[in-house]
Amino acid sequence: MARGMNAAMAKSGNVKAKNPLKTFSRLFGYYKDCRGYLITAIVFIFLYSASIIVASFLLKPLVAVLEDQSFITLDEKWASYIALIIATAGLYVLATVTNYIMNRLMLECSVRVLCVIRKDMFNKMQNLPVSFFDKHTHGELMSYYTNDTDAVRELLHHSITQLIISVVSLVGIIAFMLILSPPLFLIVVVLGVIVFFTAKYIGKKSGKNFARQQQVFSKVNGYIEEMMAGQKVVKAFNHEKQAEERFDELNEELCEVSTKANIYANVVGPIMNNLSHIFYAITTTVGAVASVETAVLVAFLQYIRQFSDRVSQISQQFNFILLALAGAERIFALIDETPEVDQGDVTLVKTIKTNDGKVEESDKGDWTWKEPLPDGGFRYEPLRGDVRFFDVDFSYEPEKPVLKDVSLYAKEGQKIAFVGSTGAGKTTITNLINRFYDINGGKITYDGIDIKRIKKADLRHSLGMVLQDTHLFTGTVMDNIRYGRIDATDEECIAAAKTANADYFISHLPDGYKTMLVSDGANLSQGQRQLISIARAAVSDPPVLILDEATSSIDTRTEKLIEKGMDSLMKGRTVLVIAHRLSTVRNANAIMVLENGKIIERGDHESLIAEKGKYYSLYTGKTELS
């Protein structure tokens with residue numbers, strides 16, 4: 001029991017929940033789909049507790065029969081004794097059966113509840129804005145599904161069951177103690193007071209030390225994760241010794257605080273056990289002095305043992321219950337996060353023109369914006385890919401502007417390039433087009449429609465993105481390309497790969513397009529992963545393509561292959577390119593040079609070179625991109 005409590009405390013990030021009653025009430029609400037199981041389990045808990053208590057009470061008549069000299073024959077005496085033995089054994093068998101059933105039912109309930117909780121968390125995360133994930137690390141987000149849910153699982157499956165059993169048993173034990181001997185019960189009152197204050201003191205000390213242990217434990221885990229992710233850098237710069245020394249410092253600190261924490265936690269059991277023995281002796285002495293019947297004294301001593309055990313279990317579970325509720329509170333805080341707001345009413349549909357010139361929706365038509373009108377009708381605007389910024393201001397944090405009064409346009413089929421130093425606001429512009437973030441001022445239109453009016457799912461469906469940091473999912477190469485459009489056929493995926501010049505290397509993989517990718521495509525080179533990412537964008541067939549330094553991780557030879565494929569991919573599309581390699585933007589219709597959130601130069605390659613300004617300095621190498 002103590003080990004379980006220790007592990008639970010070590011996994012919890014908070015000492016206690018801010019509002020445990022409210023959190024427990026909300027957690028209990030998840031039992032709505034298995035209330036029948038829960039009620040049945042509670043019934044069996046009462047049966048289990050009653051069986052144990054009554055079985056202990058039968059010690060009195062068992063001893064009384066042995067002392068009774070009034071039986072006419074010895075056979076009658078032994079018949080009564082055997083009958084009581086059978087009754088006692090039957091009660092313990094009943095206790096064993098009910099214990100198994102109640103634990104099985106509580107396990108079923110806890111599994112179902114956690115299944116729903118995990119589903120609620122994951123569904124909520126799918127609807128949270130990108131800003132939420134920018135503010136939380138991957139490790140922090142994963143802790144919801146590991147540490148917090150594991151603490152809640154222990155609470156639902158084990159702690160609640162033990163708490164109910166202990167409380168029900170204590171009520172029954174006290175009742176039978178009063179029946180047996182009210183004077184001896186006064187000793188139990190003293191026992192209860194001493195045990196309560198002892199448990200309170202130890203619990204306070206252990207909770208404080210386990211909180212400190214968790215802080216250091218998090219530091220150790222964070223350092224290990226950092227070192228494992230940067231192993232190549234560590235080895236490249238011969239930093240193994242320094243890494244070991246730093247880990248030894250953190251590990252020693254963890255050992256020290258863990259020792260203090262576990263000392264208090266592990267003394268609970270022995271202290272309670274020794275107190276039980278002390279009160280055993282006191283009760284026996286008082287009973288002998290007061291000439292209490294032997295049968296009564298034997299049964300009463302058994303109840304003292306059970307009383308001490310139940311109080312000890314409650315004290316052990318109490319800290320863990322608070323810690324588990326703190327984990328549940330974190331989970332509910334995540335579930336209560338404000339989802340991504342989408343008030344758009346303009347949708348993306350496919351339409352065809354009839355013979356009489358009217359527009360009708362059809363699955364075989366062309367993509368069109370469907371804009372509702374005040375009179376209840378609809379206006380259909382062809383999806384072209386015309387993107388415009390009007391005096392746009394934006395900041396991730398108040399008083400720290402990232403974009404200032406930015407105006408630009410990308411007409412249908414144009415290639416617009418953004419260059420500038422790191423932090424100039426290039427990637428931010430693409431994030432605003434996708435509405436990963438909403439602007440603070442100004443206006444952005446897409447085919448003449450304010451993007452705030454377009455439903456986010458439809459807006460993003462019309463855009464294709466290739467990022468600098470590629471991400472591939474566990475699955476086949478074909479599955480990863482098809483991620484761009486889930487209903488794409490194998491032939492369309494292969495055609496997209498050919499467009500991105502990825503078909504050649506894919507065909508030479510062990511299983512071709514059926515080759516399994518694991519660990520974010522670790523079995524491929526960085527350039528190959530980027531090619532698949534480009535093929536994924538190609539299969540989505542978007543009218544607007546955003547390339548955020550898409551070729552920065554690819555060698556020059558591969559880049560030339562991509563450029564040939566990209567030329568084909570970009571035909572008839574609006575393309576927004578962010579690139580550090582200025583050679584990739586020479587053929588852009590317009591190049592925007594950003595500095596400190598403002599567009600300081602714009603024009604095509606020749607005109608900007610002629611101006612001999614910032615772009616000229618960057619292109620000729622007189623100034624480097626930072």
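Helices and strands here are DSSP runs, numbered from the N terminus. The model is predicted.

**Exercise 1. Positive phi**

Task: Place E399 relative to the strands, then decide whether E399 is buried or exposed.

Solution.
- Step 1: E399 lies in the loop between β5 (387–397) and β6 (400–410).
- Step 2: Its backbone has a positive phi of about 65 degrees, although E399 is not a glycine.
- Step 3: The relative accessibility of E399 is 81%. The cut-off for exposed is over 50%. E399 therefore counts as exposed.

Task: Repeat the assignment for K612.

Solution.
- Step 1: K612 sits in the loop between α20 (605–611) and α21 (614–620).
- Step 2: K612 is not a glycine, yet it has a positive phi of about 55 degrees.
- Step 3: K612 has 58% relative accessibility, so it counts as exposed.

**Exercise 2. The largest pocket**

Task: State the volume of the largest pocket, then describe its lining by position and by class.

Solution.
- Step 1: The volume of the largest pocket is about 1,900 Å³.
- Step 2: The lining holds 37 residues, and those closest to the pocket centre are F436, M465, L467, F473 and Y483.
- Step 3: Six elements can be named as sources: α5 (74–126), α6 (130–135), α13 (426–433), α14 (456–461), β10 (463–466) and α18 (526–540). Each of them supplies at least two lining residues.
- Step 4: Split by class, the lining has 16 nonpolar, 14 polar and 7 charged residues.

**Exercise 3. A nonpolar patch**

Task: Which residues make the nonpolar surface patch of about 500 Å²? Classify V193 by exposure.

Solution.
- Step 1: The patch is made by L186, V189, V193, F196 and F197.
- Step 2: V193 belongs to helix α8 (residues 182–229).
- Step 3: V193 has 43% relative accessibility. Partly exposed covers the range between under 20% and over 50%. V193 therefore counts as partly exposed.

**Exercise 4. Salt bridges**

Task: How many salt bridges does the count give? Then work through the pair D148 and R330.

Solution.
- Step 1: A salt bridge needs a side-chain nitrogen of Lys or Arg within 4 Å of a carboxyl oxygen of Asp or Glu. By this rule the count is 25.
- Step 2: D148 and R330 meet at 2.8 Å, N to O. They link distant parts of the chain, 182 residues apart. D148 is in helix α7 (residues 138–180), and R330 is in helix α12 (residues 294–335).
- Step 3: D148 has a relative accessible area of 3%, so it is buried. R330 has 23% and is partly exposed.

Task: Why are R246 and E249 separated by about one helical turn?

Solution.
- Step 1: The side chains of R246 and E249 form a salt bridge at 3.2 Å, N to O.
- Step 2: The two residues are about one helical turn apart because they are 3 residues apart in helix α10 (residues 240–266).
- Step 3: R246, at 37% relative accessibility, counts as partly exposed. E249, at 48%, also counts as partly exposed.

Task: Describe the pair R485 and E492, then name the members of the salt-bridge network.

Solution.
- Step 1: R485 and E492 meet in a salt bridge of 3.2 Å, N to O.
- Step 2: R485 is partly exposed, with a relative accessible area of 23%. E492 is partly exposed at 33% relative accessibility.
- Step 3: Salt bridges with shared partners join D345, E371, R379, E381, R384, D447 and R453 into one network.

Terms used
Residues numbered from 1 in each chain as written. Predicted model: local features only at pLDDT ≥ 70, side-chain atom pairs only at ≥ 80, totals over all residues. Heavy atoms only, no water. 1 Å grid on protein atoms, 1.4 Å probe; cavity = no way out; pocket = protein on both sides within 12 Å on 5 of 7 lines; lining within 4 Å. Points joined across faces, edges and corners; volume = space filled by probe spheres on them. Helix = DSSP H or I, 4+ residues; strand = E, 2+ residues; numbered from the N terminus. Nonpolar A, V, L, I, M, F, W, Y, C, P; charged D, E, K, R; others polar. Buried < 20%, exposed > 50% of the residue type's maximum accessible area, 1.4 Å probe, protein only. Patch = residues over 30% accessible without salt bridge, like charges linked within 9 Å, V, L, I, M, F, W, Y side chains within 5 Å. Areas by Shrake-Rupley, 256 points an atom, 1.4 Å probe, with all protein chains shown as cover.
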